[in-house]
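Biologist: Please take a close look at one part of this model, beginning at the surface and then turning to the interior.

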Amino acid sequence: MSFADLQTRLRDARAPLRIQGHGSKDFYGETPQGELLSTLEMNGVTAYEPSELFVSALAGTPISDVEALLAKRHQRLAFEPPRFGGRGTVGGMVAAGLSGPTRAALGSVRDHLLGAVMINGRGELLSFGGTVMKNVAGFDVSRALAGSLGVLGLITEVTLKVLPLPAATATLRFDFDQSAALMAINRWGGEPLPIEASAWWDGALLVRLAGANAAVEAAARKLGGDVIPGDMAEPFWTGLRDHSDEFFIGAERAVAGGARLWRLSLPSATPQLKLHGEQLIEWGGAQRWVVTPMPPAGVRDAAAAVGGHATLFRAQDKGVGVFAPLSAPLAAIHKRLKASFDPHGVFNPGRLYRDL
C-alpha cells in the first residue's frame with residue numbers, strides 16, 4: 001500500500017485501528033484493540049550518513065537490520081533498545097519508548113530521536129524535526145511520539161542519532177548486597193569514570209566500562225572487582241537488554257503463576273525499597289524491576305513515597321491500569337494532544353490510558 005493509499009484509508013477511518021509491526025511489544029501497555037494496521041510493508045533504511053551520525057528508516061524496519069548496517073561502520077544505536085526476540089521494529093521502538101542498559105549514561109530513545117514522519121487522524125502526512133540536534137524551535141512533536149504507544153498517529157519513518165562504538169569495554173563484578181551496591185554505584189556516578197551500564201541482581205553488581213583504552217584500563221584498576229571475560233559479559237548485557245536473561249525468564253514464569261512484573265522509575269540514590277519479591281536494579285538505581293505478588297497499591301505507594309512511579313510491565317490482569325495515574329493537569333494535556341492529532345480517536349484507543 002502506498003503512502004497516498006494509506007492516507008486515504010486513514011482520512012476516512014472511524015473504527016478503532018490497532019497499529020502493529022511484529023507484535024513483539026503487544027504485552028506492553030493496555031490491551032491492543034481494533035482492526036489491524038500493519039507497518040511491515042514500510043520497511044527499509046531511507047538514509048544513512050555515517051559522517052553526520054544519523055540514520056533514517058521506515059517504521060516497519062527491524063531494529064536488527066539497522067544495527068547490522070551501523071555495525072559495518074563501527075557505529076550503534078547507543079540507547080540499546082530492547083529487541084524482544086529480534087522481532088522489534090523501529091516504529092515500535094519509538095512508540096514504546098523503551099531503552100536498554102546504557103540509558104542512564106547515554107540517554108533514552110527520546111534523546112536520540114532527531115525527526116519523525118507520521119500520518120495523523122485527518123490523513124495528513126506530517127514531518128517533524130530533521131537530521132541534527134539543533135533544528136527544532138518550539139514544541140518538539142517528534143519526541144512527543146516517543147513512548148506514546150501510537151495513540152497520536154501512525155509513525156511512518158524516524159531519524160535517529162547514532163554514535164561510534166567504544167574503543168574498549170570491560171565488565172567488572174562485585175559481591176554486594178543491594179544497599180551496598182546502590183551506595184557504590186551512586187558514589188562512582190559522581191566521579192569521572194567511564195561507566196556505561198550497571199546491573200545488580202541476586203547479590204552481584206556488574207558494571208560495564210566503555211571508552212578509550214586508557215580510560216577503561218585506569219577505571220578498572222581503580223574500581224577493582226573481578227573482571228568478567230568479554231565472551232561471558234556480552235551475553236549477559238545482551239540478555240539484560242532484550243529481556244531474555246535469567247531474571248526476566250523467571251519473571252515471565254512468575255507472571256504466568258499470578259505475580260506481576262513492575263518497572264519502577266526512582267531517583268537513583270533512593271535506598272533499598274523493602275518490597276516483597278525479587279528485584280533487579282539498573283541505571284545506577286534509577287530503574288528497578290520487581291516481580292511480586294504484592295497488591296498493586298502497595299507497589300505504587302512505595303514508589304510514589306520516594307518521588308518515583310511504578311509501571312505494570314507484565315501481568316495477566318491489568319485491571320489496576322498499566323501506567324501511574326496522571327494528575328488532572330497532565331491528563332488534560334494528554335487529551336488535548338490526542339484530540340489535536342487524532343480527532344476521531346481511531347489510533348490505538350486505550351493503549352496508553354483507557355480514556356485516551
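Modeller: On the surface, Leu-326, Leu-330 and Ile-333 make up a nonpolar patch whose joint accessible area is about 220 Å² (Shrake-Rupley method, 1.4 Å probe, only the protein chains shown counting as cover; patch members have over 30% relative accessible area and no salt bridge, and nonpolar side chains, here Val, Leu, Ile, Met, Phe, Trp and Tyr, are joined within 5 Å; a salt bridge puts a Lys or Arg side-chain nitrogen within 4 Å of an Asp or Glu carboxyl oxygen). This is a predicted model, in which local features need pLDDT of at least 70, side-chain atom pairs count only at pLDDT 80 or more, and totals for chains, interfaces and linings use all residues. Residues are numbered from 1 along each chain as its sequence is written, and side-chain values use heavy atoms, without hydrogens and water.

Ile-333 belongs to helix α12, residues 328–341 (a DSSP run of H or I, at least four residues; strands are E runs of at least two). Ile-333 counts as partly exposed because its relative accessible area is 38%, between the limits of 20% and 50%.

Inside, the structure contains four cavities of 30 Å³ or more (sets of points on a 1 Å grid where a 1.4 Å probe fits but cannot get out; lining residues have an atom within 4 Å of a point). The largest cavity has a volume of about 310 Å³, the space filled by probe spheres set on the points. Its lining numbers 24 residues, with Ile-19, Gln-20, Gly-21, Gly-92 and Ala-95 nearest the centre. β1 (17–20), α3 (90–96) and β8 (154–161) each contribute at least two lining residues, and α3 gives the largest share, four.

Definitions and conventions. Patches are made of residues with over 30% relative accessible area and no salt bridge: like charges are joined within 9 Å, nonpolar side chains (Val, Leu, Ile, Met, Phe, Trp, Tyr) within 5 Å. Buried means under 20% relative accessible area, exposed over 50%, partly exposed in between (1.4 Å probe, protein chains only). On a 1 Å grid over the protein atoms alone, a cavity is a set of points where a 1.4 Å probe fits but cannot get out, and a pocket is an open set with protein on both sides within 12 Å along at least five of seven lines; lining residues have an atom within 4 Å of a point.
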